[in-house]
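Please open the model in your viewer and keep the sequence beside it, so that each selection can be found in both. The tour goes from one stop to the next, and at every stop you are told what to select and what is there.

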Amino acid sequence: AASDVRGKLNEYTEPIRVCYDYAGGREGGTQVEWAREMGTDESGQPIYEPVAEQLMSEGRLCFQPFVDDCGRKIRIKITPVRADGTLGPLYQHVLDPLVVPQGLEKEAERCLREMKTANSKFRVMQLSPVPKHEVRVSFVDEWFSVFNGADNHLEFRVKGLDLDVEADEVNDKMLYFHFRAGSSAAGPYSMRVETQSLRFRDVVVLCARYFTAHLRGQ
């Protein structure tokens with residue numbers, strides 16, 4: 001089977017598609033496996049984990065990465081299978097690490113600059129731990145703030161790496177803020193929010209990560 005991987009392979013926002021030509025009799029259930037690099041083992045060899053089924057389509061020939069795949073390599077394995085069950089030679093291809101699209105990165109950087117000068121905020125829908133309602137979140141100085149109305153808000157001191165930001169792998173509009181012990185609030189705290197679009201979700205994620213990375217460097 002001659003295979004080809006198509007798409008903008010270096011940007012996580014673009015779906016990755018595999019195309020192949022089968023030869024050698026009538027094709028059966030050819031196997032396509034996707035995995036993402038999750039680190040290395042003690043010997044320095046990469047560790048790969050299978051991707052979720054929900055992220056694949058077109059008979060497993062298409063895979064949609066997400067923002068947490070930035071910097072990761074994606075591995076594709078194809079095993080041709082003939083109609084009688086005979087396996088052909090394994091084909092394997094590893095993509096170069098995925099990157100943030102330039103336009104999306106510039107948008108996140110612009111939002112960070114605005115927040116430093118105008119205290120601008122992101123409007124999101126908070127889903128937990130309180131009932132669903134609209135709030136505004138902002139990153140200012142060393143603080144992450146959640147505003148619900150004029151006077152009701154929470155503040156968390158981010159310096160000290162208290163804040164972790166997690167993008168939902170399957171729901172492309174959802175993200176999570178996790179605060180470890182050491183923030184201004186007592187004990188760990190998590191908040192699940194939903195944005196109006198994947199692009200906006202990822203801008204919030206990137207801003208939060210740039211923000212914490214900046215404080216890490218201070």
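Which residues does Asp 168 touch, not counting residues up to four places away in sequence? Select Asp 168 in this predicted model, and then show its contacts, which are Phe 66, Met 174, Leu 175, Tyr 176 and Arg 201. Asp 168 itself belongs to the loop between β13 (163–167) and β14 (174–179).

Stay with Asp 168 a little longer and look at its charge, for this residue is buried and yet has no salt bridge. The nearest side chain of opposite charge belongs to Arg 201 and is 6.0 Å away, whereas a salt bridge requires the nitrogen and the carboxyl oxygen to be within 4 Å. Now add Asn 171 to the selection, and you will find its backbone nitrogen 2.8 Å from a polar atom of the side chain of Asp 168.

**Salt bridges**

How many salt bridges does a search of the whole structure find? The search finds ten, and a few of them make good next stops.

Select Arg 209 and Asp 68, which form a salt bridge whose closest N and O atoms are 2.6 Å apart. This pair links distant parts of the chain, since Arg 209 sits in helix α2 (residues 198–217) while Asp 68 sits in the loop between β6 and β7 (74–79), 141 residues apart. If you colour the model by accessibility, compare the two partners: Arg 209 is partly exposed, with a relative accessible area of 27%, but Asp 68 is buried, with a relative accessible area of 18%.

Move next to Arg 72 and Asp 69, where the closest N and O atoms of another salt bridge are 3.0 Å apart. Both Arg 72 and Asp 69 are buried. Then extend the selection to Arg 36 and Glu 169, because Arg 36, Asp 69, Arg 72 and Glu 169 are linked in a network of salt bridges.

For one more pair, select Arg 123 and Glu 134, whose side chains meet in a salt bridge at 3.1 Å, N to O. Arg 123 lies in strand β9 (residues 122–128) and Glu 134 in strand β10 (residues 133–140), so this pair ties together parts that are eleven residues apart in sequence. Arg 123 counts as partly exposed, at 48% relative accessibility, and Glu 134 counts as partly exposed too, at 45%.

**A sheet of four strands**

Arg 36 was part of the network just visited, and it also leads to a sheet, as its bridge partner in β4 is Glu 49. Switch to a cartoon view and find the open sheet of four strands, which has the order β4-β3-β7-β8 with antiparallel pairing. Its edge strands are β4 (46–50) and β8 (91–94), each of which pairs on one side only. Direction ignored, neighbouring strands of this sheet are turned by 30 degrees against each other on average.

Select strand β3 (residues 31–40) and follow it on both sides. Four bridges join β3 to β4, and these strands run antiparallel; here you can also pick out Ala 35, which stands opposite Pro 50 in β4. Six bridges join β3 to β7, which likewise run antiparallel, and in β7 the bridge partner of Val 32 is Ile 78. To see how β3 is connected to β4, trace the hairpin that they form, with five residues between them, and stop at Gly 44 in the turn, which has a positive phi of about 90 degrees.

**Two residues with a positive phi**

Most residues other than glycine have a negative phi. For the last stop, select the loop between β5 (56–57) and β6 (62–63), where Glu 58 is found. Glu 58 is not a glycine, and still it has a positive phi of about 55 degrees; it is partly exposed, with a relative accessible area of 48%.

Where is Arg 60 placed? Arg 60 is in the loop between β5 and β6, and although it is not a glycine, it has a positive phi of about 70 degrees. At 29% relative accessibility, Arg 60 counts as partly exposed.

Terms used:
Residues numbered from 1 in each chain as written. Predicted model: local features only at pLDDT ≥ 70, side-chain atom pairs only at ≥ 80, totals over all residues. Heavy atoms only, no water. Buried < 20%, exposed > 50% of the residue type's maximum accessible area, 1.4 Å probe, protein only. Lys, Arg positive; Asp, Glu negative; His and termini not counted. Polar contact = N/O pair within 3.5 Å; in protein donor to acceptor, adjacent residues only side chain to side chain. Contact = heavy atoms within 4.5 Å. Pairing = 2+ DSSP bridges. Axes fitted to C-alpha atoms, helices over the stretch in contact; angles between N-to-C directions.
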